[in-house]
Amino acid sequence: KATLRYHGLPDHFESDPADAEHYAELLTGKPGQGTAVFGCTIAAQPFAVVPKIHWVRRKGNQTQKANSGRFYARQYGRRSVLQIRGVEKSDFDAKFVCIASSSAVESTIVESRPARLISTTDPIKKQTLFTEKPLNVSVAEGDYAEFGCAFSGSVRNFAWHRQIGDSPALVASMTNGRSSLVSTHNFAVQSARFGDAGRYTCSAESDLTKRRLSASAILTVVAKPFFEITPSQAITAITGLKVLLECRPKGQGLTTTWLKNGEPVVFDGRRVTLTVNGNLSLYPVDKDDGGMYQCYIENEFGEGLQSTTHLVVEYPAFVTVPARSSIAALEDDNITLPCSADGNPSESIEYRWERNGDVIGVQTTGNLSVMTAATTDSGEYRCIPSNRHGSASFSVIVL
């Protein structure tokens, strides 16, 4: 098995970051109050490595990477989230941009639409509220998973729980030391396992109103893609019959793509079809179907596998050089009667020559030579090329 990768980038973001509201009066006292959150998702592209996504803060003609200090960015597959922890007045004059770049072609980047932090005077924004609730997360087995959780004001008695049956349990004891808080309130699981899947809840009590806040999200751990069977390295098919190129991918959220000699296979829903389990069906087989086929499976995280099968198509012999319907020759002339055929396997083609219905020779080359022609050599000559799958014929009259 080999991995097929295209190192280009999609040309747009599936989801650009949206402007975020923040209660400006929180900033009139101690600077750095509350948390603001932006998110973006790069578009999907078959065979592409998931690009690296980072954030920048632009103010006037100055650009700085938003990846340290008050700025905390994290990426899940094609999605990235930026937390601004401790919003400052200067943030309202800045623009925040999501940028995807290719590790293979560093000069290639795709930028999102810029997003801004918008000042609001809505009194409800002054209350302690979620500025980021945990979102459902799907990760591949062994990958890193993280839930976000942020509040607009000061909180106490903060905790993460995971639902076990009817009772919540503190997550600190649920992942055997692989879980941790990675920022003020975010929760992460290192090397996620199937047993880590479930519902996780972020909760805290507002210092201002004493109200308990909680929000939940589900962690899904997806198995890495694999082939249920080992695909054949080579298959021989016969024209007119049916052949099935097996792939049989297994995994969650998979897409299956078939290539022939590096180009996508066109499924017409009739002769060339994709079965429900990912196999490629050809019926009836055509002699031009021969070639190198690749079955490529990929999950939502950009993890893929490729299997390769060489399809050899065998077909009956057929005439490729038709002869003239008649040849005039003089006595004592040397005559060559041409006969050429194609077929697969080609090395097994035999040429049987008949004159007036009687077999005069069987040979591995097509042309028949008549040396020093006599009147007794005139008549109807027939060439019959054949292999194990069938035969063809044509006739010529020698005068």
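A salt bridge here is a side-chain nitrogen of Lys or Arg within 4 Å of a carboxyl oxygen of Asp or Glu. In this predicted model, Glu88 and Arg70 meet that rule, with their side chains 3.5 Å apart, N to O. The pair links distant parts of the chain. Glu88 sits in the loop between β7 and β8 (95–101). Arg70 sits in the loop between β5 (62–65) and β6. The two are 18 residues apart. Glu88 counts as partly exposed because its relative accessibility is 31%, and the range for that class runs between 20% and 50%.

**Salt bridges**

The count of salt bridges comes to eleven. Three of them, including the pair above, are listed here.

| Pair | N to O distance | Separation in sequence |
|---|---|---|
| Glu14 and Arg78 | 3.1 Å | 64 residues |
| Glu88 and Arg70 | 3.5 Å | 18 residues |
| Arg271 and Asp289 | 2.7 Å | 18 residues |

Take Glu14 and Arg78, whose side chains meet in a salt bridge. Glu14 belongs to strand β1 (residues 13–15). Arg78 lies in the loop between β6 (71–76) and β7 (79–87). Their surroundings can be read from accessibility. Glu14 is exposed, at 53% relative accessibility. Arg78 is partly exposed, at 24%.

Next come Arg271 and Asp289, joined by a salt bridge. Arg271 lies in the loop between β26 (263–264) and β27, and Asp289 in the loop between β28 and β29 (291–298), so the bridge ties together parts that are 18 residues apart in sequence. Is Asp289 buried or exposed? Asp289 is buried, with a relative accessible area of 6%. Arg271, at 23% relative accessibility, is partly exposed.

Some salt bridges share partners. Through them, Arg57, Arg70, Glu88 and Asp91 form one network.

**A three-stranded sheet**

Strands of a sheet pair through backbone hydrogen bonds, either parallel or antiparallel. This chain has an open sheet of three strands, in the order β23-β28-β27. The pairing is antiparallel. Which strands stand at the edges? They are β23 (243–245) and β27 (272–274). Each has a single partner strand, so one side of each is left without a neighbour in the sheet. From one strand to the next, the twist averages 20°.

Now look at β27 and β28 (residues 280–282). They pair in the antiparallel sense over three bridges. One residue pairing can be named: Val272 has Leu282, in β28, as its bridge partner.

Key: Residues are numbered from 1 along each chain as its sequence is written. This is a predicted model: local features need pLDDT of at least 70, side-chain atom pairs count only at pLDDT 80 or more; totals for chains, interfaces and linings use all residues. Side-chain values use heavy atoms; hydrogens and water are left out. Two strands pair if DSSP finds at least two bridges between them. Helices (H or I, at least four residues) and strands (E, at least two) are DSSP runs, numbered from the N terminus. Axes are lines fitted to C-alpha atoms, for helices over the stretch in contact, and angles run from 0 to 180 degrees between N-to-C directions. Buried means under 20% relative accessible area, exposed over 50%, partly exposed in between (1.4 Å probe, protein chains only).
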